[in-house]
Amino acid sequence: MARRSYAKFGNADYGIWYRFAAVLVKPVTTALVKPDWRGWEHIPKEGGFIAAVNHNSIIDPVIYAHWQYNSGRPPRILGKSSLFSIPFIGFMLRKTGQIPVFRESTDAAQAFRAAIDAVNNGQCVQFYPEGTLTRDPDLWPMTGKNGVARVALMTGAPVIPVAHWGAHEIIPPYGRAGYGKGKFNLFPRHRVTVAAGPAVDLSKYQGLELTAQVLNDATEDIMAAITAVLAEVRGEQPPAERYDMRKAARERAAAALAERRRAKGGPGDNDAEGTVR
């Protein structure tokens, strides 16, 4: 697929420093990846929009950025604030207009405001709605956090679902490389697909009060769209129930409590008096 003309999207944030970053990064990704880029026809040619992307390898942001840059609409990516303190990397992230996310701090809202401003200024802002690498055993998208839906509904900008697949073969998440493989499998080059789908239809939520239920429902619509794109890429059927980290944590805590009670000789999880609620 032909690359769009970068010059048509001459935003100041995507000037010489962004081009310099591309010169540094693209040869690295090209050396590691056999790219299978799909779906650029769904990327808006102008105006602000949100790219909502699944996450299953720590190198996803680099590969996604390569794909998005080549589409003609370079992204502003929300990244962990700690990355911005790394020498040179932090410098380049700031110069290319990336957005630091300060988790669990008084500065946490800055990323939210910066994302809204960037979208309203006609830029592409990328979210990983899951907030972290997926914990789903088969690497399907988990439940999402509602920040992406909030920005979408507050700005009215389109949300483009984007699916990664293949980067987990290069650097598996959480050391799940499998027997006979190391933590890093750099060679031979792995085929990695990045694909976009049609904008998510959020029209039924426009004009509604942004209650928790509205945001959660809109978020699930976004996650369902990402999952649908990934299912097409993988040629597989996704699970009927989405993995929920909070639910899984509650279940682990309940199981641990039941095990401690059994170890002490008390009623277990299956005993009427010891049922964990």
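These are my notebook entries on salt bridges in a predicted model.

**Entry 1: the count.** I began by asking how many salt bridges the structure holds. The answer I wrote down is six, and I then looked up three of these pairs one by one, together with the exposure of each partner.

**Entry 2: Arg38 and Asp36.** Arg38 forms a salt bridge with Asp36, and the closest N and O atoms of this pair are 2.7 Å apart. I next looked up whether each partner is buried or exposed: Arg38 has a relative accessible area of 33% and is partly exposed, whereas Asp36, at 17%, counts as buried, because buried means under 20% relative accessible area.

**Entry 3: Lys204 and Asp221.** Here the closest N and O atoms of the salt bridge are 3.6 Å apart. Where do Lys204 and Asp221 lie? I found Lys204 in the loop between strand S7 (190-196) and helix H6 (212-234), and Asp221 in helix H6, so the pair ties together parts that are 17 residues apart in sequence. Lys204 is exposed, with a relative accessible area of 55%, while Asp221, at 23% relative accessibility, counts as partly exposed.

**Entry 4: Glu236 and Arg234.** The last pair I looked up joins the side chains of Glu236 and Arg234 in a salt bridge, at 3.0 Å from N to O. Glu236 counts as partly exposed at 41% relative accessibility, but Arg234 has a value of 14% and therefore counts as buried, the cut-off being under 20%.

**Entry 5: looking back.** I noted again that Asp36 is buried and that Arg234 is buried, while Lys204 is exposed.

Conventions. Residues are numbered from 1 along each chain as its sequence is written. This is a predicted model: local features need pLDDT of at least 70, side-chain atom pairs count only at pLDDT 80 or more; totals for chains, interfaces and linings use all residues. Side-chain values use heavy atoms; hydrogens and water are left out. A salt bridge is a side-chain nitrogen of Lys or Arg within 4 Å of a carboxyl oxygen of Asp or Glu. Buried means under 20% relative accessible area, exposed over 50%, partly exposed in between (1.4 Å probe, protein chains only). Helices (H or I, at least four residues) and strands (E, at least two) are DSSP runs, numbered from the N terminus.
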